[in-house]
Amino acid sequence: MKNIVAGVVAHVDAGKTTLSEALLYRGGTQRQLGRVDNGDSFLDPNTLEKQRGITIFSHQASVNYDDFHLTLLDTPGHVDFAGQTEQVLPVLDYAILVVSATDGIQGSTRTLWRLLEKYQVPTFIFINKTDVIGAEPAQVVQELQSEFSPACLSFSEPLTADTIEAIAMTDDKVLSDYLESGEISDNTIQQLINQRKIFPIYSGAALKLTRIDDFIAGFSKWTVEPSLPTEFQGRVFKISHDDKGERLTWIRVLGGSFKAKEELIPNEKANQLRVYNGAKFTVVQKISAGEVCAITGPTTTFPGQGLGTTDDLPLNEIQPVLSYAVNLNGTDPHKCLLALRELEDEEPHLNVQWSEHLQEIHLQIMGEVQLETIQQLLDQRYGISISFDEGNILYKETITSKIIGIGHFEPLRHYAEVHLLLEPGKPGSGLSFANECSVDVLNHNWQEQVMTSLRDKEHRGVLTGAPLTDVKITLINGRGSIVHSVGGDFREATSRAARQGLMELKQSGNCELLEPWYQFRLTVSQEQVGRAINDIQQMAGTFKLNDDHSNSSTTVITGTAPVTEMRKYASVVRAYTHGQGQLELTVSGYQKCHNADEVITKANYNPTADLANTPDSVFCAHGAGYPVKWDQVPSMAHVTDK
């Protein structure tokens, strides 16, 4: 029997969960067709999901069709929970992207397509709601081909001559063989889909089961079961807690097998192996390559963690852009912090922090819906009632030129000097670290201490103290003492070297403040275009006008704008369009801050007073250490850079 693990992804309200329900119903997993709006869907078992009518957490279900076994992982559709979706993508064999026949490509559809491309997930597309008045599936196909890929092709049984010819055009060798033989084998088409050279499109109405059987037959026919190794490999893709508070580690086995009571990671054994099907589970003693299960026992696992010989995978494409402080409303801070830490265990991007100075709890989120969900989860799960402040934008900092930063740490009986090359990285690359220092200059152990210090430190900028990003830091030089140097000395020198370089860049005007920007799609009537354009310009945004061919009386405006300016614009649009306008927002990443001087002035950050991140160094003379200001360090350094 062919075994495939597939994830269903979509923009909210495209019918993603409805399609999942239809697939399960047709396979006999359910006796009746569940509905999201009725609160009885098989894959939204959580009380909060039933109340809100949306998928908040990813869920697992299994179904058999003749000789085809499908494990479905249903994922959240709302952009605020895109982090949960990103966690699932790396463990999928295939994805099913659901697009509404009435709405077409929406904001988070584009985000999902970008994620599917990043994780190289072969993708089938299902155009849903073809039975709804105003449905334009043919137009949606054109939209998919123009925005995503010309290789988004309509599939049917049998394939039409036009489709076969279009398939041949996606690969030079396949085209050459096709011109000679006039045929393309099923195996060739399967491989092209698996290599993301073709994206099959099916259409129908999941709620009425229209053409669902056609989709199942096509998905069964054109997918290929992965060839997996015999040694144990796996990946963690989710952390959750069951109704009794038991911590669950969800994994996909990518090779070999794993048994209950074995060590999943060093010193942490698997107590139970649970194979879930909706809200119910079966306890098994062994899971094999290709299977998905939830494991009880481990307490330190995390999404993206590699198991066996599999490397960890950073899941950093989806990043929160808002920071909120918790209003405790009389709740014990310790109790609230423990509860939020458990939620952070499930959603690491929350980045829950306790500010000792302010006696406040802070967390990071994607948007208002996620914030409301956290409030409800705390109330339902832990009996905690809290609220949040207005929230702040999460800024970042980067550099626009290269510099060599020098750090020296030499109190009495200690010694370390580190030279780091700081260079601008590609936008969105985060921080990267490299080592180009010879062991003839600095021995291997000391180099490892420097590199470990670089990776472990949360590097902050010197404009507002915001996290540093899009910078490559390379160890190029240094010095230690066989008699006096210890590991902590290099940790101190490394931190000071990075900060010293940043201070020099600030002095020369080569530090830059970044802020999150939205990519927006605004649909308004033609009479309201002038108002909309004026608003966008006032928000420091960019825009482009696009005629909405499906409705000649409306205009679509696309562009980008700072999150800080546009985050509350949806209510403004609803007001001046009397509820007829539509605004879609997706975070497009970080760009240069549009009002940097104002933000920097308001932050009033003094980098030399930040003692935990000081740019100054310590030298030694006459048997005593003494501080040296950052701008004097290069002239006093013991090592000269070539």
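## Helix 1 and helix 9

Helix 1 (residues 16-26) and helix 9 (residues 212-222) have axes that come within 10 Å and cross at roughly 80 degrees. The two helices are therefore roughly perpendicular to each other, a term for angles of 65 to 115 degrees, whereas angles under 35 degrees count as roughly parallel, those over 145 as roughly antiparallel and the rest as oblique. Axes here are lines fitted to C-alpha atoms, for helices over the stretch in contact, and angles run from 0 to 180 degrees between N-to-C directions. Helices (H or I, at least four residues) and strands (E, at least two) are DSSP runs numbered from the N terminus.

Leu-19, Ala-22, Leu-23 and Arg-26 of helix 1 make the contact with Ile-212, Asp-213, Phe-215 and Ile-216 of helix 9; contact means heavy atoms within 4.5 Å. The model is a predicted one, in which local features need pLDDT of at least 70 and side-chain atom pairs count only at pLDDT 80 or more, while totals for chains, interfaces and linings use all residues. Residues are numbered from 1 along each chain as its sequence is written, and side-chain values use heavy atoms, with hydrogens and water left out.

## The mixed sheet of seven strands

An open sheet of 7 strands follows the order 2-3-1-4-5-7-6, and its pairing is mixed. Two strands pair if DSSP finds at least two bridges between them. Strand 2 (59-65) and strand 6 (152-154) are the edge strands, each pairing on one side only. On average, neighbouring strands of this sheet are turned by 30 degrees against each other, direction ignored.

Within the sheet, strand 5 (residues 123-128) pairs with strand 7 (residues 199-203) in the parallel sense over 3 bridges. Phe-126 stands opposite Tyr-202 in strand 7. Both helices described above pack on this sheet. Helix 1 touches strand 1 (2-10), strand 2, strand 3 (68-74), strand 4 (94-100) and strand 5, and its direction makes about 40 degrees with that of strand 2. Helix 9 touches strands including strand 1, strand 5 and strand 7, and its direction makes about 175 degrees with that of strand 5.

## The antiparallel sheet and helix 10

A further open sheet is formed by 6 strands in the order 14-13-16-9-8-17, with antiparallel pairing. Its edge strands, each pairing on one side only, are strand 14 (280-284) and strand 17 (306-308). Neighbouring strands are turned by 40 degrees against each other on average, direction ignored. Strand 13 (residues 272-277) pairs with strand 16 (residues 292-296) over 3 bridges in the antiparallel sense, and Arg-274 has Ala-294 as its bridge partner in strand 16.

Helix 10 (residues 333-346) packs on the sheet, where it touches strand 8 (233-241) and strand 9 (247-255). The axis of helix 10 also comes within 11 Å of that of helix 11 (residues 368-382), and the two cross at roughly 115 degrees. Helix 10 is thus roughly perpendicular to helix 11. Residues that meet across this pair include Leu-340 and Leu-343 in helix 10 and Ile-374 and Leu-377 in helix 11.

## Strand 28 and its partners

Of the 15 residues of strand 28 (residues 511-525), 11 are buried, so the strand is largely enclosed by the rest of the structure. Buried means under 20% relative accessible area, exposed over 50%, and partly exposed in between (1.4 Å probe, protein chains only).

Strand 28 pairs in the antiparallel sense with strand 23 (residues 396-399) over 4 bridges and with strand 31 (residues 582-592) over 10 bridges. Strand 30 (residues 554-562) also runs antiparallel to strand 28, joined to it by 9 bridges. Individual pairs include Lys-396 with Leu-514, Pro-516 with Tyr-590 and Tyr-518 with Ala-561.

## Nonpolar cores and a buried arginine

A nonpolar core is a set of buried Ala, Val, Leu, Ile, Met, Phe, Trp, Tyr and Cys residues joined through side-chain atoms within 4.5 Å. The largest core has 117 residues, among which Leu-144, Leu-340, Leu-363, Leu-420 and Leu-522 touch the most other members. Helix 13 (residues 487-507) supplies the largest share of this core, 7 residues. A second, separate core of 39 residues includes Val-63, Phe-68, Ile-189 and Ala-206.

Helix 13 also holds Arg-496, which counts as buried at 11% relative accessibility. Leaving aside neighbours within four places in sequence, the contacts of Arg-496 include His-408, Phe-409, Pro-615 and Asp-616.
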